[in-house]
Amino acid sequence: MRTLGELDLNLLVVFKYLMAERSVAGAAKQLSVTPSTVSKALAKLRDWFADPLFVRGRKGLMPTNLALALAGELEAWFQLTGSIASLNSEAIPDGARFNLVMQSPFYNSLLCDLPVTIHEKYPNSVVKMQGWNHHSLTDLVNGDADLGVCVRERYDRSLAKISNLPYYIDHEVLFHDLPVVFLRKDHPLLQQWTLENFLACSHCSVVLEVKETWSLDMLLEDEGLQRKVPIMVSSFEQALNVASQSTHELIAVAPSYCAGFAAKYHPNLVTMPLPLPEKLYKQLEVTFILLWHKRHNQDAKVMWLLNEIRLLYHRESRPSAR
């Protein structure tokens with residue numbers, strides 16, 4: 001006599017959709033598989049139960065008496081498994097802490113609703129949002145942060161490449177971008193947009209984590225060039241603020257997605273592509289990623305956060321990559 005342990009329980013899910021759809025094609029569509037896959041599953045079910053289970057009728061597949069009896073018995077089972085799955089996905093303790101570290105101004109531009117979303121779902125929780133800095137990757141490793149959003153570089157000599165992330169850190173690419181120049185609408189550089197004039201200008205640069213130079217500086221160095229950087233700040237927001245001031249002629253280089261932030265808070269700024277040959281420019285591509293420790297792959301809180309961030313991000317206008 002066969003036991004339930006010998007039955008692939010996934011076949012019962014196929015049975016459930018066959019009962020609901022009374023059609024192999026309909027069940028396949030609901031399950032996002034091919035009709036052939038459903039047909040093979042039905043064949044296995046028929047063999048296991050020694051019953052056709054469904055026969056062709058004028059209005060589609062008609063369940064046999066055994067199939068009708070089986071559907072009644074399985075109804076309670078599906079309710080139970082659904083409750084178990086729900087418990088698993090919502091198994092976030094009351095008063096949980098949500099610790100996130102995110103590159104600025106990505107958070108302000110695209111995920112500003114996230115803290116309120118968390119609070120509304122878990123009103124007794126504590127939400128801690130911090131900017132990404134040189135401690136953030138260590139915080140993810142040590143468990144002091146649940147999720148992070150940061151930028152990684154493509155340039156060969158850069159240490160901030162995705163391939164250099166520790167093996168125990170998982171990541172998901174959000175989008176790719178290219179840096180552009182932010183400068184005032186009345187900036188004299190706009191009159192003669194050349195690489196020579198660009199390098200002659202003073203720059204406000206961003207310290208990415210602990211590095212005072214980033215891929216742009218490395219690329220220029222490899223080409224025998226250098227820019228003037230008298231001011232360094234810790235975020236793209238600060239760099240844009242400096243570039244917007246009318247008391248000097250400093251310019252800033254930041255990812256193009258920051259244009260939305262600049263339009264809102266610094267409408268006197270315009271953007272220009274870097275005056276570089278296309279072959280060199282493409283090497284400055286940056287990638288914004290979500291990242292978390294692999295140990296959280298079964299953590300309900302982190303998986304819920306990941307899903308909410310995806311929903312919020314895709315709801316907003318996705319930054320356009322060059």
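Visitor: Is E249 buried, partly exposed or exposed, and what is its relative accessibility?
Guide: In this predicted model, E249 counts as partly exposed, because its relative accessibility is 38%, which falls between the 20% limit for buried and the 50% limit for exposed.

Visitor: Which residue does E249 form a salt bridge with?
Guide: The partner of E249 is R184, and the closest N and O atoms of this salt bridge are 3.3 Å apart.

Visitor: And where do R184 and E249 lie along the chain?
Guide: R184 belongs to strand β7, residues 179-184, while E249 sits in the loop between α10 (236-244) and β10 (251-255), so the salt bridge ties together parts that are 65 residues apart in sequence.

Visitor: Is R184 buried or exposed?
Guide: R184 is buried, because its relative accessible area is 4% and buried means under 20%.

Visitor: What about D186, which meets R184 in a salt bridge: buried or exposed?
Guide: D186 counts as exposed, with 54% relative accessibility, and its side chain meets that of R184 in a salt bridge with an N to O distance of 2.9 Å.

Visitor: How many salt bridges does the count come to?
Guide: The count comes to eight salt bridges, among them one between the side chains of E221 and R157, at 3.5 Å from N to O. That pair links distant parts of the chain, with E221 in helix α9 (residues 215-222) and R157 in the loop between β5 (147-153) and β6 (169-177), 64 residues apart.

Visitor: Which residues are linked in a network with R157?
Guide: R157 is linked with E221 and D222 in a network of salt bridges.

Visitor: How exposed are E221 and R157?
Guide: E221 is exposed, with a relative accessible area of 52%, whereas R157 is partly exposed, with a relative accessible area of 40%.

Visitor: Switching to helices, at what angle do α1 and α3 cross?
Guide: Helix α1, residues 10-21, and helix α3, residues 35-49, cross at roughly 110°, and their axes come within 10 Å. That crossing makes α1 roughly perpendicular to α3.

Visitor: Which residues make the contact?
Guide: On the α1 side they are L11, L12, V14, F15 and L18, and on the α3 side they are V38, A41, L42, K44 and L45.

Visitor: How do the residues of that contact divide into nonpolar, polar and charged?
Guide: In the contact of α1 with α3, nine residues are nonpolar, none is polar and one is charged. The charged one is K44 of α3, because Lys counts as charged.

Notes:
Residues are numbered from 1 along each chain as its sequence is written. This is a predicted model: local features need pLDDT of at least 70, side-chain atom pairs count only at pLDDT 80 or more; totals for chains, interfaces and linings use all residues. Side-chain values use heavy atoms; hydrogens and water are left out. A salt bridge is a side-chain nitrogen of Lys or Arg within 4 Å of a carboxyl oxygen of Asp or Glu. Helices (H or I, at least four residues) and strands (E, at least two) are DSSP runs, numbered from the N terminus. Buried means under 20% relative accessible area, exposed over 50%, partly exposed in between (1.4 Å probe, protein chains only). Axes are lines fitted to C-alpha atoms, for helices over the stretch in contact, and angles run from 0 to 180 degrees between N-to-C directions. Angles under 35 degrees count as roughly parallel, over 145 as roughly antiparallel, 65 to 115 as roughly perpendicular and the rest as oblique. Contact means heavy atoms within 4.5 Å.
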